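Me: I have a fold open in my viewer and would like to go through a few of the labels attached to it. Could you explain how each one is earned?

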Amino acid sequence: QDRLTFGVAADSPILDNLSPSLVYRREYSKGPLLKARKLMEVAKRVVKEFGIKCESPEQPVGMLSGGNMQKVVVARELSQEIAGVPELIIADQPSRGIDVGATKFIHQKIIELRNKGAGVLLISADLNEVLELSDSIIIMYAGEIVGYFPHVKDLTEEELGRYMLGLKKQPPEEIGGVRHAIAR
């Protein structure tokens, strides 16, 4: 959600921000020593794949635009070369504060991994994003589940908003379906 506070080490190079999950793999380290050339090769490929606009992977992340910083975070967490195909992705405000092009790219990556079998928990205040990316929706208000929609295609922003504002609440038997869906 807050890329500068929790997502990146702004003073560190892109390379260092991409490599935390790689340094423990044998192909990228030998004991306590890192294989810098191999890490740089991966970083260059990931920068290209994710369209991160930078001078080089050695550029400090803090010098990038917000959208490119977000792409570094997404690349680190979603790059199949770095992370593989995760079982679960928790995407908390994945497009907050970024341009339309970066948003579209991040959405495509999330959908691509979903299609490869990753579960995605999307947390977003952007109703368009929620409706565009979700297969099913659980709505919470005041710490309680107030709505469960197993199929999103007929749900509108207005209807979603009524539940989010606490104006509507489904009966317990409808909300109970969420437990059944999760258990499957």
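Reply: Happy to, and please keep in mind that this is a predicted model. Let's begin with Gln93, which sits in the loop between strand 3 and helix 6.

Me: What makes Gln93 count as buried or exposed?
Reply: Its relative accessible area is 11%. Buried means under 20%, so Gln93 is buried.

Me: And what is notable about the phi of Gln93?
Reply: Gln93 is not a glycine, yet its phi is positive, at about 55 degrees. Most residues other than glycine have a negative phi.

Me: Where is Ala142, and what is its phi?
Reply: Ala142 lies in the loop between strand 5 and strand 6 (144-149). Its phi is near 55 degrees, again a positive value in a residue other than glycine.

Me: How do you know whether Ala142 is buried or exposed?
Reply: The relative accessibility of Ala142 is 73%. The cut-off for exposed is over 50%, so Ala142 counts as exposed.

Me: Why is Lys109 called what it is, buried or exposed?
Reply: Lys109, a residue of helix 6, has 9% relative accessibility. With the limit for buried set at under 20%, Lys109 therefore counts as buried. Beyond its neighbours within four places in sequence, Lys109 is in contact with Glu49, Phe50 and Leu78.

Me: What makes strand 3 and strand 4 a pair?
Reply: Pairing takes at least two bridges. Five bridges join strand 3 to strand 4 (residues 119-123), and the two run parallel. Asp92 stands opposite Ile123 of strand 4. Between these strands the chain passes through helix 6 (residues 100-115), in a β-α-β crossover that is right-handed.

Me: Which side chains of strand 3 point to which face?
Reply: In strand 3 (residues 88-92), Ile89 and Ala91 point to one face and are buried. Leu88, Ile90 and Asp92 point to the other face and are not buried. Such alternation between the two faces of the sheet is what a regular strand shows.

Me: How much space lies in the largest pocket, and which residues are closest to its centre?
Reply: About 880 Å³ of space lies in the largest pocket. Of its 26 lining residues, Leu121, Leu122, Ser136, Ile137 and Ile138 are the closest to the centre. Strand 4 gives the largest share of the lining, five residues.

Me: What kinds of residue make up that lining?
Reply: The lining of the largest pocket divides into 20 nonpolar, four polar and two charged residues.

Definitions and conventions
Residues numbered from 1 in each chain as written. Predicted model: local features only at pLDDT ≥ 70, side-chain atom pairs only at ≥ 80, totals over all residues. Heavy atoms only, no water. Buried < 20%, exposed > 50% of the residue type's maximum accessible area, 1.4 Å probe, protein only. Helix = DSSP H or I, 4+ residues; strand = E, 2+ residues; numbered from the N terminus. Right-handed = clockwise from strand over helix to strand, strands pointing away. 1 Å grid on protein atoms, 1.4 Å probe; cavity = no way out; pocket = protein on both sides within 12 Å on 5 of 7 lines; lining within 4 Å. Points joined across faces, edges and corners; volume = space filled by probe spheres on them. Nonpolar A, V, L, I, M, F, W, Y, C, P; charged D, E, K, R; others polar. Contact = heavy atoms within 4.5 Å.
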